[in-house]
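Trainee: I would like a close look at one part of this protein, and then how that part fits with the rest. Please take me through it step by step.

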Amino acid sequence: MEKIIILGITGGIAAYKAAGLARLFIRNKYPVQAVMTPAATRFITPLTLQTLTGRRVLIDVFDGERPDKVAHIDLAARAEALVVAPATGNTLGKFAAGIADNFLTTLFMALQCPVVLVPAMNERMYDSAAVQESLRLLRSRGYHLMEPGAGELACGIAGRGRMPEPDAIYTFVRHKIGKKDFSGIPVLVTAGPTREPLDPARFLSNASTGLMGYSLARAFAERGAKVILISGPVSLPPPLGVKLVPVVTAAEMYRAVLEYYPGCRVVVKTAAVADFRPSMAAPEKIKKEQAGLTLSLAPNRDILKKLGEEKGDRLLIGFAAETGQLVEKAKRKLAQKNLDLIVANDLTVPGAGFASPTNQVTLIDAAGRVEELPLMEKEALAHRLLDRIRERLTRG
């Protein structure tokens, strides 16, 4: 039986955002069934959701297409999750009180899957005693509630009650409904570049954006791990449910990694740590008039080699970004650093490597097995890597 995401849409101005949320789920291979309250159809047309999802939108509890099935019971059995966004005060009150007077509220009573509710309304309504009591009851019954954002509301005032953007809702849902095959396992991920100061205005660094490491940290958290993310300077927001430890230089990353390493079972080193730093950083900005400048470099400590020497029973995974002889160089690094698995990518391949949303990698394990993966989004790749890591943990 195909499992689907049910997207519930209720009658608030934020209903227009549901189209973007539906598209985001579908882009990530989740089938979506839209269910609208009658009031929601005044804000966004059912045709819009039908076009995006490829499924007829359900509104009327008595409007079943198949006489041999009870529509809301059949749909409840196929639901992977119900996401109600926006969830108005009216619908939240009906959910809490057990009122079933439209397809969405009737379906709600028949569900046994995870439910994510995303309240969106005027701040005064959100803070009202009735809505807060409904939220309290729904939380106590195990439903997941996403806090609204703050900002300018449709009524023209600023305050709390804005519906979060679709990407934030999608991430929240994934965190709540994903399989928890890493539940409770302590994991350390490093990400991003380091910056080695040359003077107060300049530094040596690289093109790493941190996206691969952040995707891995997010995937581990979604699957139940206790994640520590040690990150160099990036422009990415920290993933939900992850402890972020920001660093700047390779020396700072070295100290942070060794501090958290003893308590971790799995360590994934995606950070592009600078191999060298200026031997001495100038105390003042170097002027261009200083012609003939010679830059003296000193090596940074090898974090991954240090971890391999003290590995114990941990799983240690490294990355190798190369520009030729990919497998040979990656195998040497795997052996030299005492790794269990290395993820190698060729920086000359289009769509792979730094500053790209995609990557194409080759996996090599300590037994010499080589697996080439196709080009894919880094988020999808993160879950493929977690599947391989889970297999190794299961084997012990």
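Is C113 buried or exposed, and what is its relative accessible area?

Mentor: C113 is buried, because its relative accessible area is 14%, under the 20% cut-off. Keep in mind that this is a predicted model. A second cysteine to look at is C264. That residue is buried too, with a relative accessible area of 8%. Is there a disulfide anywhere? A search of the whole structure finds zero. Such a bond would be a covalent link between the sulfur atoms of two cysteines.

Now the strands. Strand β4 covers residues 115–119. Its partner β3, residues 79–87, runs parallel to it, and four bridges hold the pairing. One of the bridge pairs is L82 with V115 of β4. Both strands belong to an open sheet of five strands with parallel pairing. Read across, the order is β2-β1-β3-β4-β5. The edges are β2 (32–36) and β5 (144–145). Each has a single partner strand, so one side of each is left without a neighbour in the sheet.

V118 lies within the residue range of β4, 115–119. V118 is also among the members of a nonpolar core of 32 residues, together with A15, A22 and A40.

Next, the largest nonpolar core, which has 33 residues. The residues with the most contacts inside it are F220, V266, V268 and I389. Several elements supply at least two residues each: β8, α9 (211–222), β11, β13 (266–269), β16 (315–322), β17 (341–346) and α13 (378–395). Helix α9 gives the most, with seven residues. Take I389 as an example. Leaving aside neighbours within four places in sequence, I389 is in contact with F182, F220, V266, V268, L315 and I317. The core of 32 residues lies apart from this one.

Strand β11, residues 226–231, deserves its own look. Five of its six residues are buried, so β11 is largely enclosed by the rest of the structure. It has β8 as a parallel partner, over six bridges. Within that pairing, V189 is bridged to L229 of β11. Strand β12, residues 242–246, also runs parallel to β11, and five bridges join the two. There, I230 has V245 of β12 as its bridge partner.

Follow β8 (186–191) onward and you reach the loop before β9 (196–199). T194 sits in that loop. T194 counts as buried because its relative accessibility is 0%. Its side chain makes a polar contact of 3.1 Å with the side chain of E196. The T194 side chain also reaches the backbone nitrogen of A274, at 3.0 Å. Beyond residues up to four places away in sequence, T194 touches L204, S205, V248, T249, A250, M253, A272, V273 and A274.

Finally, step back to the whole protein. It has 396 residues, and buried ones make up 48% of them. The secondary structure comes to 13 helices and 21 strands. The C-alpha atoms fill a box of roughly 80 × 50 × 40 Å along the principal axes. Among contacts with a separation of 6 or more, 66% come from residues 24 or more positions apart. The accessible surface is about 18900 Å², and 53% of that belongs to carbon and sulfur atoms.

Methods
Residues are numbered from 1 along each chain as its sequence is written. This is a predicted model: local features need pLDDT of at least 70, side-chain atom pairs count only at pLDDT 80 or more; totals for chains, interfaces and linings use all residues. Side-chain values use heavy atoms; hydrogens and water are left out. Buried means under 20% relative accessible area, exposed over 50%, partly exposed in between (1.4 Å probe, protein chains only). A polar contact is a pair of N or O atoms within 3.5 Å; within protein, one must be able to donate a hydrogen and the other to accept it, and residues adjacent in sequence count only if both atoms are side-chain atoms. Contact means heavy atoms within 4.5 Å. Two strands pair if DSSP finds at least two bridges between them. A disulfide is a pair of cysteine sulfur atoms within 2.5 Å. Accessible areas come from the Shrake-Rupley method with a 1.4 Å probe; for residues, only the protein chains shown count as cover. A nonpolar core is a set of buried Ala, Val, Leu, Ile, Met, Phe, Trp, Tyr and Cys residues joined through side-chain atoms within 4.5 Å.
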